[in-house]
Amino acid sequence: MPEQEGSPTTRVLIVDDHRTFAELLAFALGSQPDFDCAGWAGTGATAVELAARERPDMVVMDISLGAESGLEVTRRIREATPDATVVVVSAHRDPDWVVRAAQAGASAFVPKTGSLEEMLSVLRSVRQGSMLVSASMFGEPPPRPRVTDDPAPVGLTARESEVLTLMGKGLAPAEIARLLGISINTCRGYVKSIHLKLGVRSQLQAVVKAQQLGLVEAHSDG
């Protein structure tokens, strides 16, 4: 089906070791005018190779690929194709897995128990630089995606605390990455993890919340 002018098609690479799930999702994507399946991979090595060759706009990644970790494969794909948005699907519903997915570079989290309608809604809504969590993750009936909303704050890692401190000084992720000697994608993963743990949606909100919790010191420019 030819792509219509003004309506770009999102090319999606499916990474899942369950062929039936992959084929069903590929069929569903092919039936949508705004999606196109860029291929299927059942192993991490194949996924990285296909991502580097096909340059998909989006990757739907199973969190568990047999003996392999889908989150580790996510990191490798983000290094090979940094412009690709990664959507993680998983049977796990523990919020901790959402944090891990964000740290790996994913931009959305969808439970495998969710509906196809919900999956397509998430794929249409997700954007790089944010962390979109589908509503069914929270046991809500409407199949509408949402950004995590006010989760209970949990402890930050030492590296997340370093990133948060520099965020409190008004530094952007690129500047923080240079100072800490890490990649910009890794830094963005830490920032997304901090947002999730603090229950906020922006750097400003993160800093304000962190100051309220005593995680960083308030400072003035005077």
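**Figure 1. Helix 1 passes helix 5 in a right-handed crossing.** This close-up comes from a predicted model. Helix 1 spans residues 19-30 and helix 5 spans residues 116-125. Their axes come within 12 Å. The crossing angle is roughly 65°. From helix 1, the contact is made by Phe21, Leu25, Ala28 and Leu29. Helix 5 contributes Leu116, Met119, Leu120 and Leu123. By class, this contact has eight nonpolar residues. Polar and charged residues are absent from the contact of helix 1 with helix 5.

**Figure 2. Helix 3 packs with helix 4 at an angle of about 25°.** Helix 3 covers residues 70-80, and helix 4 covers residues 95-104. Their axes lie 8 Å apart. Angles under 35 degrees count as roughly parallel. Helix 3 and helix 4 are therefore roughly parallel to each other. Their crossing is right-handed. On the helix 3 side, the contact is made by Leu71, Thr74, Arg75 and Arg78. On the helix 4 side, Trp97, Arg100, Ala101 and Ala104 take part. By class, the contact of helix 3 with helix 4 has four nonpolar residues, one polar residue and three charged residues.

**Figure 3. Serine 107 sits in the loop between helix 4 and strand 7.** Strand 7 covers residues 108-111. The relative accessibility of serine 107 is 1%. The cut-off for buried is under 20%, so serine 107 counts as buried. Valine 126 is 19 residues from serine 107 along the chain. The C-alpha atoms of serine 107 and valine 126 are separated by 6.8 Å.

**Figure 4. Arginine 55 has a positive phi although it is not a glycine.** The phi value of arginine 55 is about 50°. Arginine 55 is found in a loop. Helix 2, residues 44-54, lies on one side of that loop in sequence, and strand 3, residues 58-62, on the other.

**Figure 5. Leucine 180 belongs to helix 7.** Helix 7 runs over residues 173-180. Setting aside residues up to four places away in sequence, leucine 180 touches Arg159, Glu162, Val163 and Leu166. Leucine 180 and leucine 166 are 14 residues apart in sequence. From C-alpha to C-alpha, leucine 180 and leucine 166 are 9.7 Å apart.

**Figure 6. Histidine 195 is a buried residue of helix 8.** Helix 8 comprises residues 184-198. Histidine 195 has a relative accessible area of 14%. Buried means under 20%, so histidine 195 falls in that class. Residues up to four places away in sequence are not counted among its contacts. With that exclusion, histidine 195 touches Met167, Val200, Arg201, Ser202, Gln203 and Ala206.

**Figure 7. The setting for these views is a protein of nine helices and nine strands.** The protein has 222 residues, and 44% of them count as buried. Its accessible surface comes to about 11200 Å². Carbon and sulfur atoms account for 52% of that surface. Among contacts with a separation of 6 or more, 62% join residues 24 or more positions apart.

Conventions. Residues are numbered from 1 along each chain as its sequence is written. This is a predicted model: local features need pLDDT of at least 70, side-chain atom pairs count only at pLDDT 80 or more; totals for chains, interfaces and linings use all residues. Side-chain values use heavy atoms; hydrogens and water are left out. Axes are lines fitted to C-alpha atoms, for helices over the stretch in contact, and angles run from 0 to 180 degrees between N-to-C directions. Helices (H or I, at least four residues) and strands (E, at least two) are DSSP runs, numbered from the N terminus. Angles under 35 degrees count as roughly parallel, over 145 as roughly antiparallel, 65 to 115 as roughly perpendicular and the rest as oblique. A crossing is left-handed if the near helix is turned anticlockwise from the far one by less than a right angle, and right-handed if clockwise. Contact means heavy atoms within 4.5 Å. Ala, Val, Leu, Ile, Met, Phe, Trp, Tyr, Cys and Pro count as nonpolar, Asp, Glu, Lys and Arg as charged, and the others, Gly among them, as polar. Buried means under 20% relative accessible area, exposed over 50%, partly exposed in between (1.4 Å probe, protein chains only). Accessible areas come from the Shrake-Rupley method with a 1.4 Å probe; for residues, only the protein chains shown count as cover.
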